[in-house]
Amino acid sequence: MYKVDTSNCDREPVQRIGSIQPHGALLIVDPATLVIQQASDNLQHFFGASAAELLGQPLASILHEHDLKDLEEFVNSEDRRVLIPLEVKAKDGKETELN
């Protein structure tokens, strides 16, 4: 087992942990169509709908129109650092950041 301490934390295998941190969720969207392809189980906490309900749905089903336009601008931008993090408000009123 990999032991993490202050002498090796810069080499911690965070990409292999196998879970999403509780303060975040994973949402994978097709950049061409903005259709939700994959989502973490805790998505309901952030967007008011479960991953199963949202798979195959357009991102517009959970984001306000102005936030969706900002995200489309980000996806099509050559300099993607401009909008990171992108603050959005879900249609149910909850605010969150997209990184």
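Accessible areas here come from the Shrake-Rupley method with a 1.4 Å probe, and for residues only the protein chains shown count as cover. On that basis the protein chain has an accessible surface of about 7300 Å², and carbon and sulfur atoms own 51% of it.

Two notes before you click. This is a predicted model, where local features need pLDDT of at least 70 and side-chain atom pairs count only at pLDDT 80 or more, while totals for chains, interfaces and linings use all residues. Residues are numbered from 1 along each chain as its sequence is written, and side-chain values use heavy atoms, with hydrogens and water left out.

**Stop 1: the whole chain**

Show the cartoon. You should find three helices and four strands, where helices (H or I, at least four residues) and strands (E, at least two) are DSSP runs, numbered from the N terminus. Tracing along the sequence, the pattern goes β-β-α-α-α-β-β. Of the 99 residues, 23% count as buried; buried means under 20% relative accessible area, exposed over 50%, and partly exposed in between (1.4 Å probe, protein chains only). As for contacts (heavy atoms within 4.5 Å), take those with a separation of 6 or more: 28% of them join residues 24 or more positions apart.

**Stop 2: helix α3**

Select residues 65–76, which is helix α3. Its twelve residues should span 16 Å at 1.5 Å a residue, and the end C-alpha atoms are indeed 16 Å apart; the expected span is 1.5 Å times one less than the number of residues. Which residues of α3 are buried? Colour Asp67, Leu68, Leu71 and Phe74. They sit on the same side of α3, because they cover an arc of only 120° around the axis, the arc being that of the directions from the helix axis to the C-beta atoms. Now spin the view: the face turned away from that buried side carries the exposed residues Glu65, His66, Glu73 and Asn76.

**Stop 3: a salt bridge on α3**

Stay on the helix and show the side chains of Glu65 and Lys69. They meet in a salt bridge at 3.4 Å, N to O, the term meaning a side-chain nitrogen of Lys or Arg within 4 Å of a carboxyl oxygen of Asp or Glu. Side chains of opposite charge can pair when their charged atoms come close. The two residues are four apart in α3, about one turn of the helix. Glu65 counts as exposed at 58% relative accessibility, whereas Lys69 is partly exposed at 48%. How many salt bridges does a search of the whole structure find? Just one.

**Stop 4: Leu68 and the β1–β2 loop**

Next, centre on Leu68, which is buried with a relative accessible area of 13%. Set aside neighbours within four places in sequence, and Leu68 is in contact with Leu34, Leu59, Ala60 and Leu63. Follow the Leu34 link: the pair is 34 residues apart in sequence but 9.2 Å apart in space, C-alpha to C-alpha. Leu34 belongs to the loop between β1 and β2 and is buried, at 9% relative accessible area. Check its backbone too: phi is positive, about 55°, although Leu34 is not a glycine.

Step over to Thr33, in the loop between β1 and β2 (36–39). Thr33 counts as partly exposed at 48% relative accessibility. From its C-alpha to that of Glu72 is 10.0 Å, with their positions 39 residues apart in sequence.

**Stop 5: Glu87 on β3**

Select Glu87 in strand β3 (residues 86–89). Is Glu87 buried or exposed? Exposed, with a relative accessible area of 54%. Draw a C-alpha to C-alpha distance to Asp70 and you get 9.4 Å, for a pair 17 residues apart in sequence.

**Stop 6: Asn42 and a nonpolar patch**

Move to Asn42, in the loop between β2 and α1 (43–47). Asn42 counts as partly exposed at 24% relative accessibility. Beyond neighbours within four places in sequence, its contacts are Ile20, Gln21, Pro22, Gly24 and Ala25. Leu26 is 16 residues from Asn42 in sequence and 8.4 Å from it in space, C-alpha to C-alpha.

Finish with a surface view of Ile20, Leu26 and Ile28, which make a nonpolar patch of about 220 Å². Patches are made of residues with over 30% relative accessible area and no salt bridge, like charges being joined within 9 Å and nonpolar side chains (Val, Leu, Ile, Met, Phe, Trp, Tyr) within 5 Å. Ile28 is in strand β1 (residues 27–29) and is partly exposed, at 33% relative accessible area.
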